[in-house]
Amino acid sequence: MKESNMALPVSMGALLRADLPEDAASRDDGLCVVGVFGKSGAQPGPQKETILNDLADKHVFSLFGDPEDGGTPDSSIRAFYQQESRVLYLLLSSVCDGRQLLRACESLSAGTGHSDAHDVWTRLDRQHCLHLLYMFSVCHVLLLVHPNQTFDVTHDRLFRALDALRQKVLPLMRAAVKDCAVSKEWKLNCRPCPPRLLFVFQMSGSLKVSGNGPESGGNPDKPKKHSPRRRLQHALEDQIYRIFRKSRVLTNQSSNCLFTVPANQAFVYVIPAEDEDPVGALLGQLRSVCTLCEADPAPAVSGPRRYQQTRRSARLPGGDPAGALMGGGQLVDCSLREFLWQHVELVLTKKGFDDSVGRNPQPSHFELPTYSKWVQVASRLHQVLVGDPDEDVADLALKVQGQLKVLEGFLDADTKFSETRCQKALPLAHSAYQSNLPHNYTTTVHKNQLAQALRVYSQHARGVAFQRYALQLHEDCYKFWSNGHQLCEERSLTDQHCVHKFHLLPQPGEKTDVDRNPPVLNHNSRGRSTSACNCGRKQAPREDPFDVQAANYDFYQLLEEKCCGKLERIDFPVFQPSTPDPAPACPPPPRPPSEASEPGETQQAKEPSAARSHTPPADASLSLDLSLGQSSDSSGPYGDGERPEVQPKRPSLVDRQPSTVEYLPGMMHSGCPKGLLPKFSSWSLVKLGPAKSYNCHTGLEQPGFLPGSSFLLPWDLVIRSRSEEDAGLTEPLDGGASSWPAPNKTLVGKRGSTGGLGRGRRRDDVARIFVGFEYEDARGRRFISCGPDKIVKVLGPGGAKDPATRVLNTDMPLYVPSPSQGRGLKSHFAQLTRLFIVVPDAPLEVTLNPQVQPGPPPCPLFHPEQTDLVLPPDGFWVLRFPYSYATERGPCLPPKENQPLNNYKVLRAMLKAAAASPPPP
């Protein structure tokens with residue numbers, strides 16, 4: 001190769017790809033490969049590039065970095081071939097250099113987490129190890145450069161990691177070079193020889209020691225044989241050799257080691273610090289040049305230390321003998337080039353390195369390759385270890401990457417420490433999770449216990465493995481929870497949890513099976529209450545319901561067979577299918593609040609109508625197939641818009657005939673679409689008998705009523721004869737302000753008398769209706785209310801004295817505190833369950849129109865499937881309200897202890913009465 005072809009260093013990949021011609025005379029000459037690696041500090045001083053420039057005796061490597069490296073912190077190898085000396089220099093730049101370290105820090109953004117930053121450093125460390133392994137496989141001599149005069153003991157761990165990695169990937173390297181035209185020993189060991197490692201240190205100015213003056217503490221009359229710098233070199237050699245021997249990086253047989261050190265040659269060189277006195281330095285150089293060297297050879301230094309040998313025979317080209325003596329008997333320190341060249345000459349002269357020690361030292365293989373052979377082997381190893389592999393060695397390169405895990409135990413001490421800490425913290429976190437746990441528990445309990453476990457874990461776990469073991473803690477706790485400890489997440493319509501573990505609901509016609517996994521069971525919260533039937537004459541215990549059909553239909557159907565099945569009733573319209581497989585209606589999206597109320601609708605809402613229907617928010621069906629149901633917060637069952645304060649319009653059912661294909665999957669309320677009916681009615685209207693079957697002196701003779709609270713409230717209506725009719729007497733008798741006098745004012749009769757039954761008026765002119773709002777709590781205790789906050793209390797004969805006007809003209813609460821709270825701290829509520837109406841045998845039209853708001857706005861208004869229902873005369877009617885209310889979005893839960901009860905109400909004007917029109921003649 002011509003010198004002009006290698007005027008500048010090139011990258012290793014470019015060197016191996018280039019087809020550079022060689023001179024015919026030197027084509028068969030051997031090649032010595034010298035590698036330089038190590039650390040460079042941030043402080044000013046000789047860098048690795050400066051050292052290589054001194055060795056090549058020309059300015060080859062730039063001190064400001066390679067412009068071709070792209071500014072990345074990745075490791076790279078640059079090469080320079082000096083043909084006249086047949087030496088190829090390889091320079092490794094890695095994250096151990098200050099410039100590369102600065103680039104790596106700049107590449108990490110400010111938001112990079114600890115774990116991500118650790119991954120970056122781990123990748124750079126692995127890359128550095130692969131490049132080092134490559135240099136230990138292709139070089140004869142290696143220079144390890146230190147930025148100061150102290151040996152870095154972390155290199156011991158690095159070399160042990162490289163040795164372990166080399167043993168793992170050696171079969172892969174043999175497969176890569178098996179076709180190369182080199183010797184068998186080279187193919188077997190994948191290197192031309194066990195490389196010799198030399199150490200270069202840089203002395204700092206603080207450790208400069210002047211000769212043997214008084215300030216040095218020595219005797220000036222007895223000069224020492226070695227300079228302070230050489231004595232430092234000997235001390236470093238002893239220290240390094242002991243460290244590597246103790247860690248078994250160096251053994252007796254050099255062929256089994258990653259590298260060798262010479263037994264009878266110096267392998268440590270300390271670069272002296274720059275003299276701070278330039279004038280004195282120039283004078284010293286001038287003095288040394290002018291000093292005449294003695295003609296007689298210096299006597300050999302005697303002593304047991306191998307480092308005190310003079311090696312006068314090792315003459316270096318262009319330099320002074322290494323063991324020459326200065327005036328005063330002190331040995332002359334050699335230069336860095338002279339120090340290296342005594343090892344290079346052993347390679348170029350094919351003598352090799354005989355560095356094995358012990359009683360039976362085994363000679364190690366040695367080969368001095370030509371440039372072409374070396375390039376052939378180096379190219380194959382470069383593709384497998386550090387470069388872009390070709391297709392034929394891509395599998396080998398992939399396998400080499402898979403063997404890098406062996407480095408973790410040597411180099412990644414942070415990860416090893418972190419994993420040890422996290423592994424010790426995991427059992428503590430598991431114990432914290434399982435402490436005070438019931439056998440089956442819900443998601444909320446699981447999350448709370450998991451948060452406690454994570455707090456315990458975070459107190460003990462540290463390092464980069466924190467997140468990985470935290471995820472493992474999540475998985476372990478979830479597995480423990482789901483492996484037979486998961487409680488059914490479904491809540492009843494009274495907001496009680498199912499007590500069964502995770503299970504499936506039985507399909508229609510399927511029986512329960514406890515032995516299945518998961519089991520097939522019905523929901524059960526172990527909550528029981530006492531309720532009366534539709535007519536109220538029979539009470540029975542009931543289970544806590546989980547769906548609307550069980551709450552409002554199935555329980556009452558079972559009691560109908562025993563009590564009120566034969567009573568006259570008014571059936572509310574329900575869905576009548578015309579196909580064998582009807583489907584629930586797909587609900588439309590809810591209307592925006594701006595469209596919910598219009599001026600025309602507000603005006604029409606105040607006018608009575610013959611029949612009305614309602615329009616709902618719409619969502620999924622209430623049928624639940626799995627026990628993990630939806631959450632039921634206060635706003636979930638309602639639509640997105642808010643209900644206006646005025647009563648919303650309820651358009652008539654005649655606008656659209658009820659569908660026979662689609663049914664309403666829920667209860668009727670003010671947000672339902674037109675023309676849809678549910679499969680069953682949640683309301684019931686039965687007739688206990690004629691009007692005279694109610695005795696106002698004895699009250700209701702039904703079980704569960706509190707003493708004196710079973711009396712209905714009277715409602716007296718004035719009915720005038722046909723001859724006395726005038727334009728003002730045909731007003732509706734609905735208990736409103738138009739038909740009833742103001743409070744504390746008497747009703748003036750025909751002859752000026754006061755009272756309901758004036759002396760001059762016939763008895764047929766006044767009709768009395770009895771009304772009773774019945775409340776029932778979970779323990780079956782019942783009572784009639786005579787106001788929003790008052791219970792009927794009759795102590796003597798004569799019945800209730802309070803008129804029904806108060807309860808008809810106000811919004812009655814849906815829930816009231818139970819009069820018997822019991823011993824517990826939890827408050828109990830009584831719910832409005834029935835409305836008793838006694839319609840007399842008189843020419844009256846009593847219209848029933850109940851509207852219930854079971855929650856705060858925007859809760860819709862619930863009503864029966866048929867509104868504005870006219871009750872026939874001469875009847876004792878009972879309207880049974882739903883036990884639970886639910887929309888398509890979920891149940892409307894009962895109020896909590898801290899929720900105001902005024903949001904749960906039955907709207908006023910539920911009953912309206914008017915004089916019946918006479919039949920046409």
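Trainee: D74 first. Is D74 buried, exposed or partly exposed?
Mentor: In this predicted model, D74 is partly exposed, with a relative accessibility of 26%.

Trainee: And what does the D74 side chain meet in a salt bridge?
Mentor: R123, with 3.3 Å from N to O. D74 lies in the loop between helix 2 (48–56) and strand 3 (76–82) and R123 in helix 4 (residues 114–138), so the pair ties together parts that are 49 residues apart in sequence. R123 is also partly exposed, at 42%.

Trainee: How many salt bridges does the structure hold?
Mentor: The count is 21.

Trainee: Which residue forms a salt bridge with D495?
Mentor: K896, and the closest N and O atoms are 2.2 Å apart. This pair links distant parts of the chain, 401 residues apart: D495 is in the loop between helix 15 (466–482) and strand 8 (528–532), and K896 is in the loop between strand 26 (890–892) and strand 27. D495 is buried at 10% relative accessible area, while K896 is partly exposed at 37%.

Trainee: What about E774, which partner has that one?
Mentor: R834, with the closest N and O atoms 3.1 Å apart. E774 sits in strand 15 and R834 in strand 20 (residues 829–839), 60 residues apart. Both ends are buried: E774 has a relative accessible area of 0%, and R834 is at 1%. Salt bridges with shared partners join E774, E776, R782 and R834 into one network.

Trainee: R781 comes just before R782. Where is the place of R781?
Mentor: R781 is in the loop between strand 15 (766–777) and strand 16 (782–787). R781 counts as buried because its relative accessibility is 19%, and the cut-off for buried is under 20%.

Trainee: What does R781 touch, leaving out residues up to four places away in sequence?
Mentor: Its contacts are G704, L706, Y775, E776, S818 and S820. E776 is also a member of the salt-bridge network with E774, R782 and R834.

Trainee: Changing topic. How many disulfides does the count come to?
Mentor: Zero.

Trainee: Why is there no bond between C498 and C488?
Mentor: Because the sulfur of C498 is 3.9 Å from that of C488, its closest cysteine sulfur, which is too far for a bond; the cut-off is 2.5 Å. C498 is buried at 1% relative accessibility. C257 is another buried cysteine, at 3%.

Trainee: Now strand 6. How many of its residues are buried?
Mentor: Seven of the seven, residues 196–202, so strand 6 is largely enclosed by the rest of the structure. Both faces are covered, with R196, L198, V200 and Q202 on one side and L197, F199 and F201 on the other.

Trainee: Which strands is strand 6 joined to by bridges?
Mentor: Strand 5 (residues 141–145) runs parallel to strand 6, with five bridges between them. Strand 7 (residues 268–271) is joined to strand 6 by four bridges, also parallel. V200 is the bridge partner of V145, and V200 has Y269 as its partner in strand 7.

Trainee: And T150, where is its place?
Mentor: T150 is in the loop between strand 5 and helix 5 (154–177), and T150 is partly exposed at 45%. From T150 to M203 the C-alpha distance is 8.8 Å, with their positions 53 residues apart in sequence.

Trainee: What order do the strands of the open sheet with strand 18 have?
Mentor: The order is 18-27-22, three strands with antiparallel pairing. Strand 18 (812–813) and strand 22 (852–854) stand at the edges with a single partner strand each, so one side of each has no neighbour in the sheet. Strand 18 pairs with strand 27 (residues 904–906) over two bridges, and P813 stands opposite K905 there.

Trainee: Which residues form the nonpolar patch on the surface with V279?
Mentor: L283 and L286 join V279, and together the patch has about 280 Å² of accessible area. V279 is in helix 8 (residues 278–290) and is exposed, at 53% relative accessibility.

Trainee: Last, the whole chain. How many helices and strands?
Mentor: There are 19 helices and 28 strands. Of the 921 residues, 46% are buried. The chain exposes about 46,300 Å², and carbon and sulfur atoms supply 52% of that. Among contacts with a separation of 6 or more, 75% are between residues 24 or more positions apart.

Terms used: Residues numbered from 1 in each chain as written. Predicted model: local features only at pLDDT ≥ 70, side-chain atom pairs only at ≥ 80, totals over all residues. Heavy atoms only, no water. Buried < 20%, exposed > 50% of the residue type's maximum accessible area, 1.4 Å probe, protein only. Contact = heavy atoms within 4.5 Å. Patch = residues over 30% accessible without salt bridge, like charges linked within 9 Å, V, L, I, M, F, W, Y side chains within 5 Å. Areas by Shrake-Rupley, 256 points an atom, 1.4 Å probe, with all protein chains shown as cover. Salt bridge = Lys/Arg side-chain N within 4 Å of Asp/Glu carboxyl O. Pairing = 2+ DSSP bridges.
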